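Reader: Got a minute to go through this one with me? I'd like to start with a single residue and then zoom out.
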Amino acid sequence: MRLFISIDLPEQLQQQISALRQQVARPDLKPTPSAQLHITLAFLGEQSDAMQDMVEQVLNQLDIPPLTLQCHQVHAFKSGVIYLQVTPDSALMRLQRQLCQRLRQTGLAMEQRRYTPHITLFRCKGTPDGTLLQQLNDLFTGHTFSFALEAIWLKQSRLTQQGAEHTVVAGFR
């Protein structure tokens, strides 16, 4: 099964972000479903049931610190992902590094790219233009996007013709 580890946004924040996104209606933008707005800590890819059990053991032993996460500014990756940047707080970055280090110790192959904490707002083909990013930043400026970390979630992601469907496998506090 295809797995990832995430921090979910509170429902109120999901609704707030979704209301702002609705003000930008463009056929070339595919919004992330509101209930799927999250911060990915680690993408694990296709894993066996045995590896899933090992991942759950790692998560059970992980010390999850009290954190308040803050989001600001809209950016884009070259892949066409338009995202709300999460402030790379030192405690968040330490948690993510510790998690990935422990997962690697189980034998799990992890991506080596630099971690950029973010919430995917939209997907589009190609790199979005600066005008769109400025329009989105204008919409999101002045809004407070912060929340307390309450849990970390192990989730399954199934790809369908309509897009990815996320299912909670287990939660950890």
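Reader: So, is Thr 167 buried, exposed or partly exposed?
Author: Thr 167 counts as partly exposed, because its relative accessibility is 36%. Buried means under 20% relative accessible area, exposed over 50%, and partly exposed in between, with a 1.4 Å probe and protein chains only.
Reader: Okay, and what am I looking at, source-wise?
Author: This is a predicted model, where local features need pLDDT of at least 70 and side-chain atom pairs count only at pLDDT 80 or more, while totals for chains, interfaces and linings use all residues. Residues are numbered from 1 along each chain as its sequence is written, and side-chain values use heavy atoms, leaving out hydrogens and water.
Reader: Which strand does Thr 167 lie in?
Author: Strand 9, residues 163–172. Strands are DSSP runs of E with at least two residues, helices are H or I runs of at least four, and numbering starts from the N terminus.
Reader: And what does Thr 167 touch?
Author: Leaving aside residues up to four places away in sequence, Thr 167 touches Leu 154, Lys 155, Gln 156 and Arg 158. A contact here is heavy atoms within 4.5 Å.
Reader: Zooming out, how many helices and strands are there?
Author: Four helices and nine strands. From the N terminus, the order is β-α-β-β-α-β-β-α-β-α-β-β-β.
Reader: How much of the protein is buried?
Author: Of its 173 residues, 46% count as buried.
Reader: What box do the C-alpha atoms fill?
Author: Roughly 45 × 35 × 30 Å, along the principal axes.
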